Amino acid sequence: MTRILPRKDAVIVGLGWTGSIIANELADEGLDVLALERGPWRDTATDFNIGYAQDELRYAIRKDLFLQPALEAITMRNNPSQTALPMRDYGSFLPGHGVGGAGVHWNGHTWRFWDSEFRINSHLTERYGAAKFAGLDLQDWGVTAAEMEPYYDAFEYLCGISGKAGNIRGQKQPGGNPFEDPRAREYPLPPMQMTYAPTLFAEAARTLNLSPFPTPSANLSGAYVNSLGVAMGQCTMCGFCERFGCANYSKSSAQTCVLPVLMRKRNFELRTECEVLKVELHRSGNMARGVTYVDSSGEEFFQPADIVLLCAYGLQNVRLMMLSGIGKQYDPNTNEGTVGRNYCYQTNCGTQVFLEGKELNPFIAAGSLGQTVDDFNGDAFDHGNVNFVGGAGINCIPTNARPIGYRPVPPGTPRWGSAWKRETARNYRSTLSFGCQGSSYPQRSNYLDLDPTYKDRHGRPLLRMTFEFPDNDIRMSHFMSDRSEEIARALGGRQHTTSRATKAWNSVPYQSTHNTGGAIMGTDPTRSAVNRYLQSWDVNNVFVVGASAFAHNAGKNPTGTVGALAFLAADAIRNRYLKAAGQPLVAA
Amino acid sequence: MTSPPIRSGSRRELLASVAVTSLLASASEAGARGYSGSLPFRTYSADPPRPVLPGAWVFFTQDEAVAVEAIVDRLVPADDLSVGGKEAGCAVFIDRQLAGPYGHSSRLYTQGPFLPGLPTQGYQGEMNPAQRYRAGLAAIDAHLKREKGRGFAALPAVEQDAFLTRLEKGEVTLPPGSGGAQGFFNLVLQNTMEGFFSDPVYGGNRGMASWRMLGFPGTRYDYRDWVSKHNQRYPLPPVSIMGAPEWSAR
């Protein structure tokens, strides 16, 4: 039997980056806010304890902080003609779990998407004509970079991002990213001290007339007191960032930036180990009544609420909409439907340069300590003479040298035995790696829906992911491999090797936890799930916040934009929705 | 003496739930863990790993252990760079891992139906790592006794290497449930490397042998004094979660 609980003004599903930012904003507005989190409470001193946080086996290999497939798996296939099977262990991407979500174990690359990304369809049509991207379902997001600027600024000053501005109010800044759109002010902290490998990479890039700059980093270059008054410490470059919680209060996360303030607010409540099963709708279908959830004892509750915010990992937001009947399931055969469409990923390639006689000390590292070249990202360069759209950031960001996972050896080296060991020891400290993080553009057969066969522990269908790298993106990535080879040659060294993207996305080797789309924002209620304020087109008091809203994915890490979208949604609720509760903020 | 398996996420979550229920500011619901008005904190709620201690085998039979020790000593042979896999504790590491949550796939999705998958869909077998070792080692033993008249550990090193190479290439037939010869070889290779390169707290990498070989400083934590010393080798020896031998030397 389901127990009915007292009403809340707002219920938030998932307490990661977006949930904590919005909860804090709505609590400031005076609302009675409840967050429901499927995983456990997690905090720095107890769960990312300095005495044992630097444990590669436990956190990076056995994936201690991540979502366990036993709780929720996803099925996958490369195209609709195949039978999807469950990823029995997550490999290609690793969703987070518990308070803080994926923001606990991110690396901290904090980008702003460009105006040419938010207006991608209009921009590319104006510059090249629509035929240039035929077959790709590129849509404008409904916002501009100028409209997003204050929200990016809010997120960067919440985090204490270390970086160098490239464009302040239209004035180009030496040493920053020359391709970024205008920002209101400098980053809150200066760039991190540069390690040796990115320094060599930047020198080589400059000889090719490229424009390297320090990667904007949520690993703090110095002590910082953030916009909420929370103090953080300087990063010690321990090399245990991605897949780990930071033991040093030096990596921006809900734990280090928001929760010390949010948790003290009397009009905020958090319930952990409570899994939301469904958003319950009124009979009219255009308003939610609240959510049904189950706690760890198996007891089921109905939590009534005036506003429901889906702030789980993007893929889980999409699944919850499908399980709740919010929006219309996308059908690739008809190209109709709003939920599940425009699922995108990231199209990567990588280069290793085997230097001789250099001491790179690769273990002196942080998740975002490095240099980036954006000359070939997005539409920073003229695509008139190439057979693709999109691009990639070229990143030399050696995040770690943890030896179970990091053992670079030249191609052809045996995997075991004396020759393997000799090459492993020879190349460990002197191999320079860099990679291209490429854009991922939507095509009709890449989508999300509910699996017809496999169920979770509650008997609900798993999410089914159908994904293959589009031809356009493969061509883009090959172009980037060629550019990488030029940089590798400029770096010199004994030998180098560059990977080339191939078809058949493989769910096993780790690639990127940048899953985007499925509940995209947009201007057309028949081709997007939420409006420009992240409000559901179909259910007026439901907001869906996260990378699920990305209409495509750029050659950049998503978290900066995810954080900015959380501030955008909070602003829309505080200053628009509450004045017209229950009403659509954009006329459908 | 044996050590308990390393902890699983679910035990931690259970402990957390027991601890926090008594803290409830709004204990209106029996099964919920609610927090409001303060930042939750409980002393002694951290969950450090439990060091693996040498001693009797926990998962392996004696015969299995002898074979695994011989295998890891060929995958990671002793030479002038480091001790071999056996002396480094790789077999002990694998034994304890197989006895714990990893060996039983307790965090993985293990519901059926089990169908043969595409390479892009990953391992779709029904057997967990513990079962794969049991079946795979038995099959290798039977195969070698039939072919050579003795088990893996009794072969000369050259023949051991030749057999491992045949496994790696899939030229030996193993029961399909174990993932086949290549799948089983990859599993053993992965676990051996985990044991050789992980923190010594889990029973492998004894004396931080692999970290000394590479020049990996382990859990040093703070490199601010060396970040600007480009092209100069980091000078300090490694440290593990359990400390370093130098600390107790005097």
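Trainee: Before we start on this predicted model, what does "buried" mean here, and what share of the residues in chain B is buried?

Mentor: Buried means under 20% relative accessible area. Chain B has 250 residues to which that cut-off can be applied. The buried share of chain B is 49%.

Trainee: How many helices and strands does chain B have, and in what order do they run?

Mentor: Happy to walk you through them! Chain B has 7 helices and 1 strand. Read from the N terminus on, the elements of chain B run α-β-α-α-α-α-α-α.

Trainee: Among contacts in chain B between residues at least 6 apart in sequence, what share joins residues at least 24 apart?

Mentor: A contact here needs heavy atoms within 4.5 Å. Taking the contacts in chain B between residues at least 6 apart in sequence, the share that joins residues at least 24 apart is 59%.

Trainee: Which residues have the most contacts inside the largest nonpolar core, and which helix gives the most to it?

Mentor: In soluble globular proteins, nonpolar side chains tend to be buried together. The largest nonpolar core here has 113 residues, and Ile22(A) and Leu309(A) have the most contacts inside it. The helix that gives the most to this core, with 9 residues, is H13 (residues 559-575) of chain A.

Trainee: What does Leu309(A) touch, and how many residues are in the other core?

Mentor: Leaving out residues up to four places away in sequence, Leu309(A) touches Ala10(A), Val11(A), Ile12(A), Val13(A), Ile22(A), Leu26(A), Phe543(A) and Ile573(A). Another core lies apart from the largest one, and among its residues are Leu57(A), Val68(B), Leu75(B) and Leu164(B). The number of residues in that other core is 76.

Trainee: Which strands are at the edges of the open sheet of 6 strands in chain A?

Mentor: The strand order is E8-E16-E17-E18-E15-E21, with antiparallel pairing. An edge strand pairs on one side only, and in chain A the edge strands are E8 (213-214) and E21 (495-498).

Trainee: Which residue in E17(A) is the bridge partner of Gln371(A)?

Mentor: Strand E16 (residues 371-373) and strand E17 (residues 392-396) of chain A run antiparallel and are joined by 3 bridges. In E17(A), the partner of Gln371(A) is Cys396(A).

Trainee: How many cavities of 30 Å³ or more are there, and which residues are closest to the centre of the largest cavity?

Mentor: The count comes to 14 cavities, and the largest cavity holds about 190 Å³ of space. Of the 22 residues lining that largest cavity, the closest to its centre are Cys238(A), Phe240(A), Cys246(A), Ala247(A) and Asn248(A).

Technical notes. Residues are numbered from 1 along each chain as its sequence is written. Chains are lettered from A and ligands numbered from 1 in the order in which they are written. This is a predicted model: local features need pLDDT of at least 70, side-chain atom pairs count only at pLDDT 80 or more; totals for chains, interfaces and linings use all residues. Side-chain values use heavy atoms; hydrogens and water are left out. A nonpolar core is a set of buried Ala, Val, Leu, Ile, Met, Phe, Trp, Tyr and Cys residues joined through side-chain atoms within 4.5 Å. Buried means under 20% relative accessible area, exposed over 50%, partly exposed in between (1.4 Å probe, protein chains only). Helices (H or I, at least four residues) and strands (E, at least two) are DSSP runs, numbered from the N terminus. Two strands pair if DSSP finds at least two bridges between them. On a 1 Å grid over the protein atoms alone, a cavity is a set of points where a 1.4 Å probe fits but cannot get out, and a pocket is an open set with protein on both sides within 12 Å along at least five of seven lines; lining residues have an atom within 4 Å of a point. Grid points are joined across faces, edges and corners, and a volume is the space filled by probe spheres set on the points.
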